[in-house]
Amino acid sequence: MYMDSGTQHDPGYERRKAEFKRQYIKKRRRQRLIHNSIVIAIRLMIVVIVLLIGFKLIDRFLLPFTETTKSQEVNKSEAKWKMEPVEQTTEKPKSVPMISEKQMELTDIVNSDNPLENGYQPNVEECYHGIFVDQRMAADLKSLVEAGTAEGLELYVVSAYRTEERQTQLYEAKADEEAAGTSEHQSGLAVDLSSGKNMEVGEAFAETATYAWLKEHCAEFGFILRYPSNKEEVTKHTFEPNHFRYVGKEAAQSIMEEKKTLEEYNQ
Ligand SMILES: [Zn+2]
């Protein structure tokens, strides 16, 4: 039988070749799929990271206009302050207000007869983590707290600057007697100070050594006891031993030494 030398007809060859090709294409497709999945995953990760950084920046940017803090970030040994639970809020304002061009005077009165100008925005700075105050009083507040602490007293800033939004919330929740625009807290020039594990308030705080020390020394740092017990008819405000107002050292010394109120000082 004649047979072409050099060639050997293998009927299975074409089939195997086609099978190999099919397998190869399948393999390539699988490899491409894995490759594309990895690329997509990496891109997604980049998007998530960018978003996280963005949110963090927004958080940082809006923080000065909220009165909120994360308690786990409180460094107790470094800063002697704590947030009052009622002050905690996770809400953030929709927009960042502009700092008012004309900042109020340190001795200006803020009450229901003398409300802050509509939309007044003090130039605040973060004095302690989550505690914002008018930048003119920040250094003196720190000195006051340091001096009290050096005396072995427990001294905490429990409330400071409040946004209009926050003041409205407190007023509506009946947690504060002042409506928006009529609280000194909104001016950034007032702080509520306290001591002890329970953050003594009112009469209980008035009996502490911290209160006694504050009454005697607050003026040295530019602060006054804003609503004394014997001046309720002048201030039209109930005795508030926790509430201190920054008026600057000169005015503070005159007010505290002469046992006056801010109203009487301004007359
Ligand atoms: Zn207060």
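**A buried leucine, a four-stranded sheet and a nonpolar core**

Leu170 is buried: 23 other C-beta atoms lie within 10 Å, and the cut-off for counting as buried is 20 or more. The residue belongs to helix α3, which spans residues 164–172. Setting aside residues up to four places away in sequence, Leu170 touches Ala175 and Asp176. A little further along the chain comes Ala180, 10 residues from Leu170, and the two C-alpha atoms are separated by 9.1 Å.

All of this comes from a predicted model, so a word on confidence is in order. The protein chain has a mean pLDDT of 84, with 81% of its residues at 70 or more. Residues 63–92 are another matter: pLDDT stays under 50 throughout that stretch, for which the model has 52 contacts beyond four places in sequence.

As for the overall layout, the protein chain holds 8 helices and 6 strands. Read from the N terminus, the elements go α-β-β-α-β-α-β-α-α-β-α-β-α-α. Of the 267 residues, 29% count as buried. Among contacts with a separation of 6 or more, 65% link residues 24 or more positions apart.

Two sets of strands can be described. To begin with the hairpin, β1 (residues 124–128) and β2 (residues 131–134) pair in the antiparallel sense over 4 bridges. Val124 stands opposite Asp134 of β2. The hairpin has 2 residues between its strands, and Gly130 takes a positive phi near 80°.

Then there is an open sheet of 4 strands, in the order β3-β4-β6-β5, with antiparallel pairing. At its edges sit β3 (156–159) and β5 (223–225), each of which pairs on one side only. Neighbouring strands of this sheet are turned by 45° against each other on average, direction ignored. Edge strand β5 is joined by 3 bridges to β6 (residues 243–246), and the two run antiparallel. Within this pairing, Phe223 has Tyr246 of β6 as its bridge partner.

Helix α5 (residues 209–217) has a buried side, with Thr210, Tyr211 and Leu214 buried. These residues lie on the same side of α5 because they cover an arc of only 95° around the axis. The face turned away from that buried side carries Ala212 and Glu216, both exposed. What covers the buried residues? The cover includes two helices, α2 (138–150) and α4 (203–206), along with strands β4 (190–194) and β6.

Nonpolar side chains tend to be buried together in soluble globular proteins. Here the largest nonpolar core counts 38 residues, and the members that touch the most others are Val133, Leu141, Val157, Cys218, Phe223, Ile224 and Phe244. Several of these sit in elements already described: Val133 falls in β2 (residues 131–134), Val157 in β3 (156–159), and Phe223 and Ile224 in β5 (223–225). Leu141 lies in α2 (138–150), while Phe244 is part of β6 (residues 243–246).

Which residues does Phe244 contact, leaving aside its neighbours within four places in sequence? The list runs to Ala190, Val191, Leu193, Leu214, Cys218, Phe223, Ile224, Leu225 and Arg226. Among these, Leu214 is one of the buried residues of α5, and Ala190, Val191 and Leu193 come from β4 (190–194). Phe223, Ile224 and Leu225 make up β5 (223–225), the strand that is joined to β6 by 3 bridges.

Technical notes. Residues are numbered from 1 along each chain as its sequence is written. Two strands pair if DSSP finds at least two bridges between them. Axes are lines fitted to C-alpha atoms, for helices over the stretch in contact, and angles run from 0 to 180 degrees between N-to-C directions. pLDDT is the predictor's confidence in each residue, from 0 to 100. Two residues are in contact if their C-beta atoms, placed from the backbone, lie within 7 Å. A residue is buried if 20 or more other C-beta atoms lie within 10 Å of its own, exposed if 12 or fewer, and partly exposed in between; C-beta atoms are placed from the backbone. The arc is that of the directions from the helix axis to the C-beta atoms. A nonpolar core is a set of buried Ala, Val, Leu, Ile, Met, Phe, Trp, Tyr and Cys residues joined through C-beta atoms within 7 Å.
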